[in-house]
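Visitor: I am new to protein structures. Please show me this one, and then I will ask my questions.

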Amino acid sequence: MATLQQVKDAIAVEAAEVKTFVDSVSPPPPPPPQPVGNPTGIYVAGSANQVDLARSFVRGYLLRAKWSDLEPTQGNRDWSKLDAELALADSYGAKVALLVLNGPHAPAWLEAVGAKMFTYTFKGIPNTKMPVPWDSIYLNAWTDFVAALGQHYRDRATISFVRCVNSTYNGGEMQLGVGSGAKGAWAAAGYTDDLVLSSWKTVLNAFAAAFPSKPLVVDLHPMFSGEVFSDDNGSVAGNVVSYGNSTIGTRFGVIAGWWSQYNVSTGYPEMFELLKQAAMTSFGMVQFVASAANDPEAFTNIAGTTPLDALTGAIDLALNNGVRYVEIWNVDIRHPEFQLLLTETGVDLSK
């Protein structure tokens, strides 16, 4: 009869043989992908063509897609449009910033499966519907979609960063309401700062898990633009940013989609403070509020502002506050007077 020690030795030998066999057929998993560098440079804010992307100062463009197009029926995702767009970007040698629009661009089937919807007027279109951001049915559907999006695209090098979005007024920025009536309508729907902040935490957790090595970005807006409400001082946006910083770390940044000299001082001063903080601790990004060529006075709120003053003022303001990523509208990318200036700005530190 074998001794206890002999039995232990035999088990150890067998275990070693099993491990050797497993190692021979199942190599150890590769190390997790390393985070890509923080995005920098000039990107086109709208759809870009080969001529735009051939400019020496253009690094990439903002690629928008609608959730409703990508998941037309629940659980059935169609990636063909995104795949084609990314293949086109690859052929141009361009990067893309990925933004899947939510809010009014959420799929109609959400309401059919019981998600609570909010009805409002969007860009003059009455009876537009968006999911209530703290509704559990909506959040489950959106986070499931984000997980599938990450599974499909998390390692795609063409994507330089991903915009984290929730159900919001336009589906890409942070605000829930614009103009008169928004405050009362959302209060009637049960709005509280805590509810919407909780929904944002769920959304950020989903994006962080889906894209573990990509930079992640949120838009900066108060919940209700131009109205006195509980978030008038930007507290929800500040808490969303704090949560992203604490849970995602230095690959989490912010973007100001309202960038102009006037908005920095008057329109969104609290958001500007958040942007400056992000530029120091991780990264901050901006998108021009309008076309400098077509609407230069939107940048300064001063009659007689020239297109060149609007453009140079906005770029200088960004650079002076640590911002190294700027989204500029197509018409400005193509404007002959701006071309030499944009080539020489030094915004793109990564090329």
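Guide: Two strands pair if DSSP finds at least two bridges between them. Strands (E, at least two residues) and helices (H or I, at least four) are DSSP runs, numbered from the N terminus. This is a predicted model, where local features need pLDDT of at least 70, side-chain atom pairs need 80 or more, and totals for chains, interfaces and linings use all residues. Numbering starts from 1 along each chain as its sequence is written, and side-chain values use heavy atoms, without hydrogens or water.

Visitor: How many helices and strands are there in the protein?
Guide: Count the runs along the chain, which has 351 residues. The totals are 15 helices and 12 strands.

Visitor: Which residue in β2 stands opposite V44?
Guide: V44 belongs to strand β1, residues 41–44. Strand β2 covers residues 58–66 and runs parallel to β1, with 3 bridges joining them. Opposite V44 stands Y61.

Visitor: And which residue in β12 stands opposite G41?
Guide: Look at strand β12, residues 325–328. β12 and β1 are parallel and share 4 bridges. G41 faces Y325.

Visitor: Are the residues on the two faces of β1 buried or exposed?
Guide: Buried means under 20% relative accessible area, exposed over 50%, and partly exposed in between (1.4 Å probe, protein chains only). One face of β1 carries G41 and Y43, the other I42 and V44. Both faces are covered, and these four residues are all buried.

Visitor: What is the angle between the planes of W67 and W142?
Guide: Rings of Phe, Tyr and Trp (its six-membered ring) pair if their centres lie within 6.5 Å; planes under 30 degrees apart are stacked, over 60 edge-to-face, the rest tilted. That rule gives 22 aromatic pairs. In one of them, W67 and W142 have centres 4.7 Å apart and are tilted, with a plane angle of 55°.

Visitor: How many residues apart in sequence are the parts this pair ties together?
Guide: W67 sits in helix α3, residues 67–70, while W142 sits in helix α6, residues 136–153. Both tryptophans are buried. The pair therefore links parts whose separation in sequence is 75 residues.

Visitor: Is the pair of W142 and F145 stacked or edge-to-face?
Guide: Both residues are in helix α6, 3 residues apart, about one turn of the helix. Both are buried. Their centres lie 5.5 Å apart and their planes meet at 15°, so the pair is stacked.

Visitor: Which residues touch the most other members of the largest nonpolar core?
Guide: A nonpolar core is a set of buried Ala, Val, Leu, Ile, Met, Phe, Trp, Tyr and Cys residues joined through side-chain atoms within 4.5 Å. The largest has 111 residues. Its top two are W142 and W259.

Visitor: With which residue do the side chains of H221 make a polar contact?
Guide: H221 lies in the loop between β8 and β9, and is buried at 2% relative accessibility. A polar contact is a pair of N or O atoms within 3.5 Å; within protein, one must be able to donate a hydrogen and the other to accept it, and residues adjacent in sequence count only if both atoms are side-chain atoms. Here the distance is 2.8 Å, and the partner is D219.

Visitor: What is the phi of K123?
Guide: Most residues other than glycine have a negative phi. K123 is in the loop between β4 and β5, and counts as exposed at 69% relative accessibility. K123 is not a glycine, yet its phi is positive, about 55°.
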